Amino acid sequence: KNRENYVDKLESVFSAITGDSDGFITRERLDTVLSNPRAQAYFQTLDLDIVESEALFRMLDNGDGVISHEEFVDGIVRCKGPARAMEQVAIRSEIKQVDFKITKLVNALQEG
């Protein structure tokens, strides 16, 4: 039940960040939102220690340059908790991004 409530809150946050856009969060939009002290305070109420938007974007993005709904919710759920957990999520995220880029490269080489 707690997890469901937490995910509901994250879905509301995602909708608030994306607004009327195409349903993805760009790096620029995340920078703008997280430069607002009220938004930073809200993330802290969700037990998230957001130090900088650049690091958060890299952790959530799969390498395609935008954050989808699924990337946002799943990534934030994994980030919840102390800073050490955030570091582990960052490492996983970097591995996912490298995998995404390698897969893209292999596909391009196979087509060409």
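I take buried to mean under 20% relative accessible area. With that cut-off, I find that buried residues make up 33% of the 112 residues in the chain. I keep in mind that this is a predicted model.

**Entry: overall layout**

I looked up the secondary structure and found 6 helices and 0 strands. Read along the sequence, the pattern is α-α-α-α-α-α. I then checked the dimensions. Along the principal axes, the C-alpha atoms fill a box of roughly 50 × 35 × 30 Å. The chain exposes about 7,200 Å², and carbon and sulfur atoms supply 51% of that area. I also looked at contact range. Among contacts with a separation of 6 or more, 64% come from residues 24 or more positions apart.

**Entry: the nonpolar core**

I turned to the interior next. In soluble globular proteins, nonpolar side chains tend to be buried together. Here the largest nonpolar core has 26 residues. Which residues touch the most other members? I noted Phe43, Leu48, Leu56, Phe72 and Ile76. Two or more residues come from each of α1, α2, α3, α4, α5 (69-79) and α6 (83-111). Helix α1 gives the most, with 6 residues.

I followed two of those well-connected members further. For leucine 56, I left aside neighbours within four places in sequence. The contacts are then Leu30, Leu34, Ile50 and Ile76.

Leucine 48 sits in the loop between α3 and α4. I checked whether this loop residue is buried or exposed. Leucine 48 counts as buried, because its relative accessibility is 3% and the cut-off is under 20%. Beyond four places in sequence, leucine 48 is in contact with Tyr6, Phe43, Ile76, Cys79 and Lys80. I also took one distance from leucine 48. Arginine 29 is 19 residues away in sequence and 19 Å away in space, C-alpha to C-alpha.

**Entry: helix α2**

I listed the buried residues of helix α2 (residues 27-34) and got Leu30, Val33 and Leu34. Why do they lie on the same side of α2? They cover an arc of only 90° around the axis, and that puts them on the same side. The general rule is that an α-helix has 3.6 residues a turn, so residues three or four places apart point the same way. What covers the buried residues of α2? The cover includes α1 (2-18), α3 (37-45) and α4 (53-60).

I picked leucine 30, in helix α2, for a closer look. Leucine 30 counts as buried, at 1% relative accessibility. Not counting residues up to four places away, leucine 30 touches Ile25, Ser53, Leu56, Phe57 and Ile67. For a distance check I took serine 12, 18 residues from leucine 30 along the chain. Their C-alpha atoms are separated by 15 Å.

**Entry: the aromatic pair**

I searched for aromatic pairs and found 1 in the structure. The pair is formed by phenylalanine 14 and phenylalanine 72. The ring centres are 5.6 Å apart and the planes stand at 50°, so the pair is tilted. Phenylalanine 14 lies in helix α1 and phenylalanine 72 in helix α5, so the pair ties together parts 58 residues apart in sequence. I checked both partners for burial. Phenylalanine 14 is buried, with a relative accessible area of 5%. Phenylalanine 72 is buried too, at 0%.

**Entry: serine 68**

Phenylalanine 14 led me to serine 68, which lies in the loop between α4 and α5. Serine 68 counts as buried, because its relative accessibility is 18% and the limit is under 20%. What does serine 68 contact, leaving aside neighbours within four places in sequence? I found Phe14 and Phe24. Serine 68 and phenylalanine 14 are 54 residues apart in sequence and 9.0 Å apart in space, C-alpha to C-alpha.

**Entry: threonine 18**

I ended with threonine 18, found in helix α1. Threonine 18 counts as buried, at 10% relative accessibility. The side chain of threonine 18 reaches the backbone oxygen of serine 15 at 3.3 Å. I then looked beyond four places in sequence. There, threonine 18 is in contact with Gly23, Phe24 and Ile25. Phe24 is also among the contacts of serine 68, and Ile25 is one of the residues that leucine 30 touches.

Technical notes:
Residues are numbered from 1 along each chain as its sequence is written. This is a predicted model: local features need pLDDT of at least 70, side-chain atom pairs count only at pLDDT 80 or more; totals for chains, interfaces and linings use all residues. Side-chain values use heavy atoms; hydrogens and water are left out. Buried means under 20% relative accessible area, exposed over 50%, partly exposed in between (1.4 Å probe, protein chains only). Helices (H or I, at least four residues) and strands (E, at least two) are DSSP runs, numbered from the N terminus. The arc is that of the directions from the helix axis to the C-beta atoms. Contact means heavy atoms within 4.5 Å. A polar contact is a pair of N or O atoms within 3.5 Å; within protein, one must be able to donate a hydrogen and the other to accept it, and residues adjacent in sequence count only if both atoms are side-chain atoms. A nonpolar core is a set of buried Ala, Val, Leu, Ile, Met, Phe, Trp, Tyr and Cys residues joined through side-chain atoms within 4.5 Å. Rings of Phe, Tyr and Trp (its six-membered ring) pair if their centres lie within 6.5 Å; planes under 30 degrees apart count as stacked, over 60 as edge-to-face and the rest as tilted. Accessible areas come from the Shrake-Rupley method with a 1.4 Å probe; for residues, only the protein chains shown count as cover.
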